[in-house]
Amino acid sequence: MTLTQTSPAVQNPTQTRSPGAGRTPVRRLTLAVAQAYFVANVVAWIALCALAIAGILVVRQPLDAIDVVVALPLGLGIGTVWLGGLRAYAFFLARRPLRRARAASVPESSGSSSRVALLYCTADDVNPEALRLSARQTHDDVTVVILDDSSSVDARATVDRLAIELGALVVRREIKTGFKAGNLNHFLRTGPRFEHYAILDSDEILQPTFVERALDHFAAGGAGDPIGVVQGRHEAKVGDTQFTSEFAPMLGTHVATNQLSRSAVGFSMFMGRGALLSDAVVRATGGFPEVVAEDVAFTIQAREAGFRVKYAPDIVSVEDFPIDYHAFKKQHGKMVQGATELIRHFALPALRSRMSAAEKLDLLAELVMIPLGSLLGILLFATSLVTSSLGVPLFSPWVGFGLAVSGLAPLLPEAIRRTSRSTPWTGAVFLSRAFALYSSMFWTTLRSVVHVVIGRRALFVITPKRRSAAGWRATVLADLIVAVVALAVSFALSGSFAPAMTAVAAAAAAIYLTRFSGRAVVTS
């Protein structure tokens, strides 16, 4: 089956909240914990911002009005970064009790006879082996549907051969709008209907019991529990390059740590793949918002329609990690553009939605953290130009220490995991490399934020599946130019190179990671 017509933009139908049963003791306890989580976040943010402002003003004596005007936005930014670090540490500490609580919460073998479509999205990046493995589901009624947005003749031919082999349905469209969301919406409007839809990317491998166990989670919710999405846990394949060998495991650790806590007390989100969606939630929301971060945008609409996303850590899917540093930069830039687009277009609807206060705070906190680091870096650079020229420090030393500790917080769980499985040196090496990796994203993040803020549309860039042959110019040149310009501006305006050290450190990290990424393939 090949469909060629394009579809109009998503239109949400009139939405009504699903009728829920009365609040059980467990539900009341969950709500109480969520309310405590919200209050703790607000109180911590206010206290941290006040502390940061104090750390800036204490080195400026006597004070004048300009000092206060500068300290307020700078302190708010630093306090928000500190909050992000504190949240990461809290999620890490909560992981074990939450894991024990979830361990045996859902019985097996619900015996569901639901008709399920496995929606495989591809655009010139089909992975036949991944789809073969994902298609081997233990559930009886699963139809494989390949949503093929490929342009190349070879990729389309591979899809056609694979469809014959698996007995799959192939759906194509002539006008490819709306990125991945548009591809999904085209099928949902024009293709046959199913009771549930499993969403997976081209490199995703679902475990054989994925559909069966996800249906168990739907059944365990009962008639009064409006589960719209069952989201599985993600892990990344280690791969066969030095880059993936070093950094791929941190994806699984990050998802296992963050999603467990956020799904319990905050914003439990659909992650765009490795999930099973009910037909009811798809119809109630009108499909997927056609933006880069369609997963978060869809979750907001699902919550507004009265459905919830259930995180199921016992259901695992495996995906590829960016194969090299160049691919990681591409993926990171897309993520930043997507997050900035969400802040521009979905922040206010989310605040006005029927989500709980804890969910709204959790969502906005996570979105803001993505672009905040680079924006704060620019603000620090501009402020330090003035303070350096006057010969006064930017802030107290402990403020800088707090920023460093906050930056390391999201990486700590994986560093501890490696330390426990190997040696403290192994954990320390990973921590330093991972910190360098994200520090080197300074210019990539800033450029991506500006791209969307000035009114341009966020771009859905497919992460390269092959190692880059573009050389150092593709990964280092822009960072070097930014560092040189920062050094020149810094020295010209303040007589010191110190304000430019953030840009210099980012460029140095990019050089190191480009060399590290280009190392020989790891052999087994």
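## Cores, sheet and helix packing

Leaving aside residues up to four places away in sequence, Phe-247 is in contact with Phe-321, Arg-418, Phe-430, Arg-433, Ala-434, Leu-437, Leu-513 and Phe-516. The model described here is predicted.

Phe-247 belongs to the largest nonpolar core, which has 38 residues. Together with Phe-321, Leu-363 and Leu-437, Phe-247 is listed among the residues with the most contacts inside this core. Seven helices are named as giving two or more residues to the core: H7 (242-247), H8, H10 (294-304), H11 (325-352), H12, H15 (424-439) and H19 (501-517). Helix H11 provides the largest share, with six residues. A second core is separate from this one; it has 27 residues, including Leu-147, Leu-188, Val-281 and Ala-284.

Two of the contributing helices, H8 (residues 249-265) and H12 (residues 357-390), pack with their axes 9 Å apart and at an angle of about 150°. On the H8 side the contact is made by Asn-258, Arg-262 and Val-265, and on the H12 side by Ala-358, Asp-362, Leu-363 and Glu-366. By class, three residues of this contact are nonpolar, one is polar and three are charged. Leu-363 of H12 thus appears in the helix contact and also among the residues with the most contacts inside the largest core.

The model also contains an open sheet of eight strands with mixed pairing, in the order S3-S2-S1-S4-S7-S6-S8-S5. Why do S3 (169-171) and S5 (205-206) each have one side without a neighbour in the sheet? Both strands stand at the edges and have a single partner strand each, so one side of each remains unpaired within the sheet. The pairing of S2 (residues 142-148) with S3 is parallel and runs over three bridges. Within this pair of strands, Val-145 has Leu-169 in S3 as its bridge partner. Helix H4 (residues 153-166) packs on the sheet, where H4 touches S1 (116-122), S2 and S3. The direction of H4 makes about 170° with that of S2.

The last topic is cysteine. The count of disulfides, taken as cysteine sulfur pairs within 2.5 Å, comes to zero. Two cysteines, Cys-49 and Cys-121, count as buried because their relative accessible areas are under the 20% cut-off, as the table shows.

| Residue | Relative accessible area | Class |
|---|---|---|
| Cys-49 | 4% | buried |
| Cys-121 | 8% | buried |

Note on methods. Residues numbered from 1 in each chain as written. Predicted model: local features only at pLDDT ≥ 70, side-chain atom pairs only at ≥ 80, totals over all residues. Heavy atoms only, no water. Axes fitted to C-alpha atoms, helices over the stretch in contact; angles between N-to-C directions. Helix = DSSP H or I, 4+ residues; strand = E, 2+ residues; numbered from the N terminus. Contact = heavy atoms within 4.5 Å. Nonpolar A, V, L, I, M, F, W, Y, C, P; charged D, E, K, R; others polar. Core = buried A, V, L, I, M, F, W, Y, C linked by side-chain atoms within 4.5 Å. Buried < 20%, exposed > 50% of the residue type's maximum accessible area, 1.4 Å probe, protein only. Pairing = 2+ DSSP bridges.
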